[in-house]
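This briefing covers the aromatic pairs and the surroundings of the two ligands. The topics follow in that order.

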Amino acid sequence: MSEPVQTPQTFTPRIFSGIQPSGGLTLGNYLGALKRFVEKQDEGIETIYCLVDMHAITVWQSPADLRRQTREGAAAFIAAGIDPKRSILFNQSQVSAHAELGWIFNCVARMGWMGRMTQWKDKAGKNSENASLGLFAYPALMAADILAYKATHVPVGEDQKQHLELTRDIAAKFNNDYGVNFFPITEPVIEGAATRVMSLRDGSKKMSKSDPSDQSRINLTDDADAIAAKIRKAKTDPEPLPDTLDGLKDRPEARNLVNIYAALAGLTPAAVVAEHAGAQFGTFKPRLAELAVSVLSPITTEMNRLMADPAEIDRILGEGSARAEAIARPILDEVYDIVGMVRSRQV
Ligand code: AMP
Ligand code: TRP
């Protein structure tokens, strides 16, 4: 693949990120994504956040679930601190530029690039003949989400790193093929103590809304009792907490709980280990549960309040979509001109 050349001076900083409404959101989504989306908004950079409903249907979603999950996702963004006036908050399918640019990128990206995506390999598994074509093409649509806004920075969890590298490759190939410096070479923003929150049952698997075991994750809709019970039952080892981070090297489950604690408390993992050195999990887990409940329960309460008025959520998404469209449409028109499409229709 070609080496992208960064020319940041030509592009205004702009942040884009997305979350799939393919299930309820988890603590992993909150710490790895939502919480950081709010921090970026509060840094005063232009922020665009999207519920990527067209990505969600790459695997089957019942229409009623998809609608509810999209609204619930929007409620989670707002409850976590996204202000729909300061950020643009919308759902992907209301802005057709995503699908249109996605098609162009299907013609830029190479089959070989897509076939190497670990998410494709994981999700399609041995049954790839039966996976949707959309699941295979998914990273080209993701590149379109980002580049339809010429976004320069994308905050995501660690699992999305490979997709962002592909986005850079697509931007570089497009620029190169057409001899332009049109798309920025986007920077991933993967930072903090919880860029990969692991399953509570298996420290080698990421916490995921699609894990069949509900015990493996904390959902943003879980109540205080459920959160405490899941943390109490989380898999650990019999050793007490060490006094340095080095002591967590071969203890993935213990390290995960320390990282979660750190991210929730706004501390470094080293500070958490120093504070709890020698503690047994019997002591550490209740403290972690208390901390998790204190951070998550105001969010859950606010989400429930917002979900009682779905019309207001739809109104916010509609308004965000119009603002998103106003940015993306002129960019897409330029793309069509660059590619050589005749545009003669009177609007
Ligand atoms: P998804 O739920 O796959 O649409 O992911 C939405 C965002 O949450 C992406 O930025 C992911 O990287 C992030 N994310 C999802 N699961 C985790 C996790 N277990 N740890 C950290 N970040 C996560
Ligand atoms: N692929 C991302 C995920 O599964 C979701 C996503 C779609 C996204 N489009 C995006 C993330 C654009 C960042 C930017 O988590």
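A search of the whole structure, which is a predicted model, finds 13 aromatic pairs. One of them is formed by Phe105 and Phe183, and it is edge-to-face because the ring planes stand at 75°, where over 60 degrees is the cut-off for that class. The centres of the Phe105 and Phe183 rings are 5.5 Å apart.

**Placement of the Phe105 and Phe183 pair**

- This pair links distant parts of the chain, with the two positions 78 residues apart.
- Phe105 belongs to helix 4 (residues 97-106).
- Phe183 lies in the loop that runs between helix 8 (161-178) and strand 5 (187-189).

**Ligand 1: polar contacts and cover**

- Lys209 places an N or O atom of its side chain 2.7 Å from an oxygen atom of ligand 1.
- Gln20 contributes through its backbone: one of its polar backbone atoms is 2.9 Å from an oxygen atom of ligand 1.
- Met207 also uses its backbone, with an N or O atom 2.9 Å from a nitrogen atom of ligand 1.
- On its own, ligand 1 has 480 Å² of accessible area, and the protein covers 93% of that area.

**Ligand 1: site and shell**

- Ligand 1 sits in the largest pocket.
- The ligand is surrounded by 16 residues, of which Gly157, Asp159, Val197, Met207 and Lys209 come nearest.
- By residue class, the shell around ligand 1 holds 6 nonpolar, 7 polar and 3 charged residues.
- Helix 1 (residues 27-42) supplies 4 residues, the largest share of the shell around ligand 1.

**Ligand 2: polar contacts and cover**

- Asp145 has a side-chain N or O atom 2.7 Å from a nitrogen atom of ligand 2.
- The side chain of Gln160 likewise offers an N or O atom, at 2.9 Å from a nitrogen atom of ligand 2.
- Gln20 approaches ligand 2 with its side chain, a polar atom of which lies 3.1 Å from an oxygen atom of the ligand; towards ligand 1, Gln20 presents a polar backbone atom.
- The accessible area of ligand 2 on its own is 370 Å², and 91% of it is covered by the protein.

**Ligand 2: site and shell**

- The largest pocket is the space taken by ligand 2.
- Two elements each give two or more residues to the shell around ligand 2, namely strand 1 (14-19) and helix 7 (133-147).
- Helix 7 provides the largest share of the shell around ligand 2, with 4 residues.
- Of the 13 residues that surround ligand 2, the closest are Gln20, Tyr138, Met142, Asp145 and Gln160.
- The shell around ligand 2 divides into 7 nonpolar residues, 5 polar residues and 1 charged residue.

Conventions: Residues numbered from 1 in each chain as written. Chains lettered and ligands numbered in written order. Predicted model: local features only at pLDDT ≥ 70, side-chain atom pairs only at ≥ 80, totals over all residues. Heavy atoms only, no water. Near = heavy atom within 4 Å. Polar contact = N/O pair within 3.5 Å; in protein donor to acceptor, adjacent residues only side chain to side chain. Areas by Shrake-Rupley, 256 points an atom, 1.4 Å probe, with all protein chains shown as cover. 1 Å grid on protein atoms, 1.4 Å probe; cavity = no way out; pocket = protein on both sides within 12 Å on 5 of 7 lines; lining within 4 Å. Sits in = over half its atoms within 2 Å of the grid points. Nonpolar A, V, L, I, M, F, W, Y, C, P; charged D, E, K, R; others polar. Phe/Tyr/Trp six-rings, centres within 6.5 Å; stacked < 30°, edge-to-face > 60°.
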